[in-house]
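I opened my notebook to jot down what I looked up in this structure, one stop at a time. Come along and follow on the model.

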Amino acid sequence: MRSRAIDGRLTRPRAAVVNLIAARGSGHFTAGDLADDARRRGVAIGRATIFRTLDLLLVSGAIERLDLPDGEHAYVACRASHHHHVVCTRCGRAADVPDGDLRNVVRSVERATGFTIGDHRLELYGTCPDCERAPR
């Protein structure tokens, strides 16, 4: 996660949120997770600052929102190119998946429906290799 991804001023509280996200690694996270991380690390930022910073990071494309199977939503740090996500339902680890042949599927949907597709998002849920190997 790069701090330049935020439009506008990079204030100390915004930088703290970016650093908390970067420290989390490759898994998804919620605003509550970041608030807990801040509290544990003694970082003085409020929930409102966390939410506002997440909104800025969403707009800039530095993070994306995931709609989880249980109806909740979380966030994941992203690279700049168009991609999709695969998310482990056990540990929360997330990985970027390139668009690949999905462009052909989108074109096929356009032909079949008459819609002009402007954007799409795909989230796949399953179990990562580490969780598959681990006993339940």
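**Entry 1: G126.** I started at G126 and asked whether it counts as buried, exposed or partly exposed. G126 comes out as partly exposed, because its relative accessibility is 24%, and buried would need a value under 20%. Keep in mind, as I did, that this is a predicted model. G126 belongs to strand β5. I then looked up its contacts, leaving aside residues up to four places away in sequence, and found V87, C88 and T89. One of these, C88, sits 38 residues from G126 along the chain, yet 5.1 Å separates their C-alpha atoms.

**Entry 2: the sheet around β5.** Which strands make up the sheet, and in what order? I noted 3 strands in an open sheet, ordered β4-β3-β5, with mixed pairing. The edges are β4 (94-98) and β5 (123-126), each of which pairs on one side only. Averaged over this sheet, neighbouring strands are turned by 25 degrees against each other, direction ignored. I also checked the β3 and β5 pair: the two run in the parallel sense, over 4 bridges.

**Entry 3: H85.** Next I moved to H85, which is in strand β3 and stands opposite E123 of β5. Is H85 buried or exposed? It counts as buried, because its relative accessibility is 1%, against a cut-off of under 20%. I listed what H85 touches beyond four places in sequence: E64, L66, V76, C78, A95, D96, V97, L122, E123 and L124. So the residue opposite H85, E123, is also on its contact list.

**Entry 4: V86 and a patch.** One step along, V86 is also a β3 residue, the strand covering residues 83-88. V86 counts as partly exposed, because its relative accessibility is 33%. Which residues make a nonpolar surface patch with V86? I found L122 and L124, and the patch the three make is about 200 Å². Going back to my previous entry, I saw that L122 and L124 are also among the residues touched by H85.

**Entry 5: helix α2.** I then turned to α2, residues 31-41, and asked which of its residues are buried. My list reads A31, G32, L34, A35, D37 and A38. I reminded myself that an α-helix has 3.6 residues a turn, so residues three or four places apart point the same way. The cover over the buried residues of α2 includes α1 (12-23), α3 (47-60) and β2 (73-77). After α2 comes G42, and I wrote down its positive phi, near 75 degrees.

**Entry 6: the whole protein.** Last, I stepped back. I counted 5 helices and 5 strands, and from the N terminus on the elements run α-α-α-β-β-β-β-α-β-α. The C-alpha atoms fill a box of roughly 55 × 45 × 25 Å along the principal axes. How much of the protein counts as buried? The figure is 31% of the 136 residues. The exposed area is about 8500 Å², with carbon and sulfur atoms supplying 51% of it. Finally, I looked at contacts between residues at least 6 apart in sequence, and 47% of them join residues at least 24 apart.

Key
Residues are numbered from 1 along each chain as its sequence is written. This is a predicted model: local features need pLDDT of at least 70, side-chain atom pairs count only at pLDDT 80 or more; totals for chains, interfaces and linings use all residues. Side-chain values use heavy atoms; hydrogens and water are left out. Patches are made of residues with over 30% relative accessible area and no salt bridge: like charges are joined within 9 Å, nonpolar side chains (Val, Leu, Ile, Met, Phe, Trp, Tyr) within 5 Å. Accessible areas come from the Shrake-Rupley method with a 1.4 Å probe; for residues, only the protein chains shown count as cover. A salt bridge is a side-chain nitrogen of Lys or Arg within 4 Å of a carboxyl oxygen of Asp or Glu. Buried means under 20% relative accessible area, exposed over 50%, partly exposed in between (1.4 Å probe, protein chains only). Two strands pair if DSSP finds at least two bridges between them. Axes are lines fitted to C-alpha atoms, for helices over the stretch in contact, and angles run from 0 to 180 degrees between N-to-C directions. Contact means heavy atoms within 4.5 Å.
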